Amino acid sequence: MGGPRCGFATQVSAPPLNLQDPTLAVPERYRHITLDAAQKDLIKASIPALQAHGFDITKQFYHNMLDAHPELKEIFNTANQEHFKQPKALAGALLAYAANIDDLTPLSGAVELMAAKHASLYVRPEQYAIVGTHLISAIGQVLGDAVTPELAEAWTAAYWQLAEILIIRENQLYQTSKGWTDWADFRIARKEKESEEVTSFYLEPVDSSLKPLPSFLPGQVSKSSE
Ligand code: HEM
């Protein structure tokens, strides 16, 4: 059904989200929070465990999440799962976050990259609860009894603090871009053989009202939906 679908999510004009305030997707008790000193200490104390097991945690997380939400396989690049690129990226992000929990300023570049990637895939605020639930439970599964209720709570609060930053930035990208935010069906208009190994595929939107197409930006993806 349908042809390739392109996530031209960074060229969006109308607000795509059904939430006026995207931070409403953050559970009320974690909305606009800052972590207290004790929670920050717990997060910092968990850095060695993250260094040792962060990759296992994120592998377990993806496995559980994609099992429970197979619809998310649509946006997660399965090749990146197979080569563990994605679990490594998330483990690295979690470590960097824990290491900078006292002052998140050095993370602004990383946040920008994550938000751009997410916006290009039309990640939505309400999906953060799915990721959060499976991430915290994977931490518990891998680290076992080392995860006290206080540590689990500190990581839940920390997760939502970072999630809120990303949700706000992604919403800004959705609001300020020109074009459309969601996924759109495309058909292959023509194929051109450039060389023995390279063939160019020229795509056009099934819905012609999407024309003229915005020019592409780095980091965009297209995916076939069979
Ligand atoms: C605080 C929460 C989150 C963090 C820290 C995070 C972190 C990351 C990082 C570090 C990357 C790699 C970026 C790059 O390639 O440069 C990434 C990519 C991605 N994230 Fe997130 N993310 C979060 C939440 C979410 C949510 C809620 C979704 C939606 C279900 C999501 C979906 C994705 C997808 C689809 C990719 C691209 C994966 C691929 O290429 O296969 N993320 N994220």
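This passage walks through the overall build, the nonpolar core and the internal cavity of a predicted model.

Start with the big picture. The protein chain has seven helices and four strands, and going along the sequence these come in the order β-α-α-α-α-α-α-α-β-β-β. Of its 226 residues, 40% count as buried. The chain exposes about 12,500 Å², with carbon and sulfur atoms supplying 57% of that area. As for who touches whom, take the contacts with a separation of 6 or more: 78% of them are between residues 24 or more positions apart.

Next comes the inside. In soluble globular proteins, nonpolar side chains tend to be buried together. Here, the largest nonpolar core holds 48 residues, and the members touching the most others are I43, M65, Y128 and W155. Two or more residues apiece come from α2 (47-68), α4 (85-99), α5 (108-120), α6 (127-143) and α7 (149-176). The top contributor is α7, with 13 residues. Zooming in on I43, and skipping residues up to four places away in sequence, its contacts are L35, A98, I101, A154, W155 and A158.

Finally, there is a bit of empty space. The count comes to one cavity of 30 Å³ or more, and about 30 Å³ of space lies in the largest cavity. Its lining is made up of S46, A49, L50, I139, L143, L151 and W155, with α2, α6 and α7 each giving two or more residues. By class, that lining has six nonpolar residues, one polar and no charged ones. W155 turns up in both parts of the story: in the list of core residues that touch the most other members and in the cavity lining.

Notes. Residues are numbered from 1 along each chain as its sequence is written. This is a predicted model: local features need pLDDT of at least 70, side-chain atom pairs count only at pLDDT 80 or more; totals for chains, interfaces and linings use all residues. Side-chain values use heavy atoms; hydrogens and water are left out. A nonpolar core is a set of buried Ala, Val, Leu, Ile, Met, Phe, Trp, Tyr and Cys residues joined through side-chain atoms within 4.5 Å. Buried means under 20% relative accessible area, exposed over 50%, partly exposed in between (1.4 Å probe, protein chains only). Contact means heavy atoms within 4.5 Å. Accessible areas come from the Shrake-Rupley method with a 1.4 Å probe; for residues, only the protein chains shown count as cover. On a 1 Å grid over the protein atoms alone, a cavity is a set of points where a 1.4 Å probe fits but cannot get out, and a pocket is an open set with protein on both sides within 12 Å along at least five of seven lines; lining residues have an atom within 4 Å of a point. Grid points are joined across faces, edges and corners, and a volume is the space filled by probe spheres set on the points. Ala, Val, Leu, Ile, Met, Phe, Trp, Tyr, Cys and Pro count as nonpolar, Asp, Glu, Lys and Arg as charged, and the others, Gly among them, as polar.
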